[in-house]
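User: Hi! I'm new to reading protein structures, and I'd love a close look at one part of this one, with some help on how that part fits into the rest.

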Amino acid sequence: MKIASQKIIDGERYQLEFYDGFDRGYLDESHWLPYYLPQWSSRALSSPRFEFSENGFSLNIEQDQQPWCPEFNGEVRVSSLQTGVYSGPEGSLLGQHRFSPDCRVRQAQVAEKKYLPKYGYFELRAKCLIAANNVAALWMIGYEDLPERSAEICLFELKGKNIRNGYSMRSLLRLMSLYSTLTPLQGRKARLISLSMIEK
């Protein structure tokens with residue numbers, strides 16, 4: 001899909017700095033880490049199920065998929081992509097998106113920063129057909145190597161329990177493009193992108 005290298009939005013000029021149309025037939029791991037918060041569990045348990053087709057890229061929850069983090073998150077199953085990961089040593093409390101006070105690092109991660117925008121203009125095209133106990137989302141979460149780089153910004157979240165018609169366990173991702181302003185970014189970048197399909 002052809003996409004503009006610049007956009008003008010509300011009088012501001014934005015330059016494209018990250019784009020993934022998921023049209024290569026393989027996951028571009030220079031952009032994405034194929035795991036969901038692996039420090040609280042493991043890379044093996046937090047690996048996503050996904051597929052490419054003529055319709056795009058699908059994050060799937062499949063019947064034989066195991067819970068991603070049974071110790072701290074029960075029976076929740078997740079297929080997710082991230083653009084960075086950070087954790088402290090095994091047994092520590094240090095790691096991004098510590099979703100429970102009980103969380104302890106179970107598999108230390110080598111720090112990776114594939115794309116950590118500070119701010120910008122974000123676009124996503126997605127088609128989500130999900131069951132009542134599913135959530136499909138695009139979040140920005142803090143890298144959290146420093147306390148001031150901690151937050152969660154929900155750009156898109158669809159909860160299946162709020163949908164009355166239709167049933168599927170698939171989130172179809174068609175396009176992801178991120179623009180930032182042409183003015184220089186001040187300070188270090190602080191957010192990473194997380195695309196997720198979750199079954200609770």
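Is phenylalanine 52 buried, partly exposed or exposed? Please start there and then show me what surrounds the story.

Analyst: Happy to help! Keep in mind that this is a predicted model. Phenylalanine 52 counts as partly exposed, because its relative accessibility is 24%, and the buried class ends under 20%. Phenylalanine 50 is partly exposed as well, with a relative accessible area of 33%.

Let's look at the rings themselves. A pair of aromatic rings is described by the distance of the centres and the angle of the planes. A search of the whole structure turns up 11 aromatic pairs. One of them joins phenylalanine 50 and phenylalanine 52. Their ring centres are 6.2 Å apart, the planes meet at 85°, and the pair is edge-to-face. Both residues also belong to a wider cluster, in which ring pairs link Phe18, Phe22, Trp32, Phe50, Phe52, Phe57 and Tyr115.

For a contrast, try tyrosine 86 and tyrosine 143. These two form a tilted aromatic pair, with 5.6 Å from centre to centre and 45° between the planes. This pair links distant parts of the chain, as its partners are 57 residues apart. Tyrosine 86 is in the loop between strand S6 (84-85) and strand S7 (112-113), while tyrosine 143 is in the loop between S9 and strand S10 (152-159). Both tyrosine 86 and tyrosine 143 are buried.

Now for the nonpolar cores. The largest has 14 residues, and Tyr36, Leu37, Trp40, Trp68, Cys69 and Val78 have the most contacts inside it. Strand S9, residues 134-142, gives the most to this core, contributing 4 residues. Another core, of 8 residues, lies apart from it and includes Phe18, Trp32, Phe57 and Leu59. You have already met Phe18, Trp32 and Phe57 as members of the ring cluster.

Two members of the largest core are worth a visit. Valine 78 sits in strand S5, which covers residues 77-82. Valine 78 has a relative accessible area of 1%, so it is buried. Valine 78 and proline 48 are 30 residues apart in sequence, yet their C-alpha atoms are 6.7 Å apart in space.

Cysteine 69 is the other one, and it counts as buried because its relative accessibility is 1%. You might wonder about its sulfur. A disulfide is a covalent bond between the sulfur atoms of two cysteines. The search of the whole structure finds 0 disulfides. Cysteine 69 is in none, and its nearest cysteine sulfur belongs to cysteine 103, 6.0 Å away. That gap is too far for a bond, because a disulfide needs the sulfur atoms within 2.5 Å. Cysteine 103 is buried too, with a relative accessible area of 0%.

Finally, step back to the whole chain. The chain has 2 helices and 12 strands, and along the sequence they follow the pattern β-β-α-β-β-α-β-β-β-β-β-β-β-β. Of its 200 residues, 48% are buried. The accessible surface comes to about 10200 Å², with 48% belonging to carbon and sulfur atoms. Among contacts between residues at least 6 apart in sequence, 72% join residues at least 24 apart. The tyrosine 86 and tyrosine 143 pair, 57 residues apart, gives you one link between distant parts of the chain to find on screen.

Conventions: Residues numbered from 1 in each chain as written. Predicted model: local features only at pLDDT ≥ 70, side-chain atom pairs only at ≥ 80, totals over all residues. Heavy atoms only, no water. Core = buried A, V, L, I, M, F, W, Y, C linked by side-chain atoms within 4.5 Å. Buried < 20%, exposed > 50% of the residue type's maximum accessible area, 1.4 Å probe, protein only. Contact = heavy atoms within 4.5 Å. Areas by Shrake-Rupley, 256 points an atom, 1.4 Å probe, with all protein chains shown as cover. Phe/Tyr/Trp six-rings, centres within 6.5 Å; stacked < 30°, edge-to-face > 60°.
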